[in-house]
Amino acid sequence: MIRNGEISMSEVKRILKKYWWILPLTIVSGGVLGLGATMVLPKKFTSQSRVQIHDQTVSTEILKPVLTDATNQRLVGMQEKILSRTQLQAIIEKFGLYQAERGKLNMEDLVLKLRSAIEVTPPETMLGVQSKQLPGFYINVTFDNPEIAQRICSEITTKFMEQNAKIINDGGIRTTKFLADQADEAKRNLDEQDAKLAEFKKKYMGSLPDQQQANIGMLQTMNSQLDAITQSISRAQQDKAMNESLLAAQLGTWKATKTGGTPTETLEEQLTTLQEQLSALQSRYTPEHPDVIKAKSQIEQLRKRIGDAPKSGQTTTSAAAGEIEPVAIQQLRAKLKQDDLSVADLTKRQSQIQSQIGVMQGRLQLSPAVEQQFKELMRGYQSASESYNELLKKHDQASIATDYNRQQEGEQFSMEDPPSLPMTPSFPKKPIFAGGGLGGGLALGLAVMYLLAALDSSMHSERDVEACLKLPVLALVPTIDPAAAGRTSGNGNGSRKISEVGLVGTRN
């Protein structure tokens, strides 16, 4: 008897002893039913292919790939696209699948049914491992026809390989085009910065930072030239003053002679005057100076005239002198004119140099502000140049990587194991169904035995008596084994069995 859902070990032994035949019956029946189910259920065949993922042969440090996303993520995206409604519907139409079910199910249900029959899994060694790069993956297609399963698996495997090549090629083309557009934009920006820089240099030519030292040197040179010209002007003005005084003296003498007075200047006196002028010139200039050379030439000419004059010693009359100015006066007038020209030329050059010095000083004063603006323009130009060069470099790398992938040298999918032709069904499997039937039969047998024990209300022990009658047991009569009783009494009535009887009493 089972009380409160609990069963004792002695009760278990009693039930097993009494209903032992139930377990073999249910276990055998379950095994037979499991094997029978494998004969009745529709068979499914699984075709499997293995795709190997190969990395690019050239190091990524030398040639960067155009796609940097994880292969796992790209594989998930490829799986979503390949197993999409459009792709699977095309496979259903191509192989004529589910002909008998097309009238009962719509295309959406057929697509879902085919999608459930396709499974993409990583290798068993990679299960539970987080990795950016898978070594490969398996494609399993389960169908009721082994040949159709193989053809569908081959189609799906080919689509994975084609899709991977397309993704890598399209990614390279998109990356190259994007970098080309960015490089063109950077080139336009660089040209704008270059034009601004050229315009700035043209506007502030002479005031640029790299010209500051040259400007300082030119300013010093101009100051030296200005000092030299100023000194030259001073000397020219002194020469002019001296020549003006000499001319005044010569004119006075010549006018006195012209008015009939006694000539005070003869050729010898003119010679003496020229010699004095030569001495004054030699004291200030070198012998190679033009004025010195000219004075020497005039002295030689005058000496030649004195040598050619008559021995009588007559001097030039005032009448002859009145017709033409003496040579000394003409020479002095020529020198005064030359002095005026020299002073005018030197003064002009002085003004030009002073103007140039003012311009140079203005450039030097403007240099700090120009330098600041020039630095800002150079920073913009260098940034644009670096950006353009970097984009151009990346564009070239992307172009090389795209060509590299087209030559089947980059990351590629290869069919390591072609789709198999299954010879044995993957469902139902006889060992699994037979084992399940045996286990189910065992569970059913145990359940039936437990149910029989629960329905049994007979009393077999002291606890059963107390539980049923709600009275304490006073005494027990033990069970007498008939064989043992026969041997003890020797009367041959050992076949009678005396059951255990309990004497119960009433409670006060």
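**Exercise 1. Strand pairing**

Phe 45 has its bridge partner, Phe 143, in E3. Work out which strands pair around this point, and in which sense.

*Solution.*
Step 1. Fix the terms. This is a predicted model, in which local features need pLDDT of at least 70, side-chain atom pairs count only at pLDDT 80 or more, and totals for chains, interfaces and linings use all residues. Residues are numbered from 1 along each chain as its sequence is written, and side-chain values use heavy atoms, with hydrogens and water left out. Helices (H or I, at least four residues) and strands (E, at least two) are DSSP runs, numbered from the N terminus. Two strands pair if DSSP finds at least two bridges between them.

Step 2. Start from E1. E1 and E3 are antiparallel, with eight bridges.

Step 3. Look for another partner of E1. Strand E4 (residues 412-417) is joined to E1 by five bridges, again antiparallel. Here Gln 52 stands opposite Ser 414.

Step 4. Turn to E3. E2 and E3 run antiparallel and share four bridges. Thr 121 stands opposite Tyr 138 in E3.

**Exercise 2. Buried or exposed in the strands?**

Decide how E1 and E2 are covered by the rest of the chain.

*Solution.*
Step 1. Set the cut-offs. Buried means under 20% relative accessible area, exposed over 50%, and partly exposed in between (1.4 Å probe, protein chains only).

Step 2. Count in E1. Seven of its ten residues are buried, so E1 is largely enclosed by the rest of the structure.

Step 3. Walk along E2. Its side chains alternate. Ile 118 and Val 120 point to one face and are buried. Glu 119 and Thr 121 point to the other face and are not buried.

**Exercise 3. Asn 140**

Which residues does Asn 140 contact, leaving aside its neighbours within four places in sequence?

*Solution.*
Step 1. Locate the residue. Asn 140 lies in strand E3. Its relative accessibility is 13%, so Asn 140 counts as buried.

Step 2. List the contacts (heavy atoms within 4.5 Å). They are Thr 46, Ser 47, Gln 48, Ala 117, Ile 118, Glu 119 and Thr 121.

Step 3. Compare sequence with space. Asn 140 and Ser 47 are 93 residues apart in sequence, and 5.7 Å apart C-alpha to C-alpha.

**Exercise 4. The largest nonpolar core**

Find the parts of the chain that build the largest nonpolar core.

*Solution.*
Step 1. Define it. A nonpolar core is a set of buried Ala, Val, Leu, Ile, Met, Phe, Trp, Tyr and Cys residues joined through side-chain atoms within 4.5 Å.

Step 2. Find the centre of contacts. The largest core has 30 residues. Those with the most contacts inside it are Leu 97, Leu 114, Phe 137, Ile 139, Ile 152, Ile 156 and Phe 160.

Step 3. Assign the suppliers. At least two core residues come from each of E1 (45-54), H3 (71-82), H4 (85-95), H5 (107-116), E2 (118-121), E3 (136-143) and H6 (146-203). H6 gives the largest share, six residues.

Step 4. Check for another core. A second, separate one has eleven residues, including Ile 229 and Val 343.

**Exercise 5. Two helices with a buried side**

Show where the buried residues of H1 and H4 sit around each helix.

*Solution.*
Step 1. Take H1 (residues 9-19). Its buried residues are Glu 11, Arg 14, Ile 15 and Tyr 19. Down the axis they fall within an arc of 100 degrees, so they line one face of H1. The arc is that of the directions from the helix axis to the C-beta atoms.

Step 2. Look at the other side of H1. Met 9, Ser 10, Lys 13 and Lys 17 are exposed there.

Step 3. Find the packing partners. The buried residues of H1 pack against H2 (22-40) and H12 (430-455).

Step 4. Repeat for H4. Leu 88, Ile 91, Ile 92 and Phe 95 are buried. Their arc covers only 100 degrees, which puts them on the same side of H4. The face turned away carries the exposed residues Thr 86 and Lys 94. H4's buried residues pack against H3, H5, E2 and H6.

**Exercise 6. Confidence**

Over which residues is the pLDDT below 50?

*Solution.*
Step 1. Read the average. The pLDDT (the predictor's confidence in each residue, from 0 to 100) averages 77 over the chain, and 77% of the residues score at least 70.

Step 2. Name the stretches. Residues 311-322 are below 50, with ten contacts beyond near neighbours in sequence. Residues 488-508 are also below 50, with 34 such contacts.

Step 3. Draw the lesson. Where pLDDT is low, the predicted coordinates should not be read in detail.
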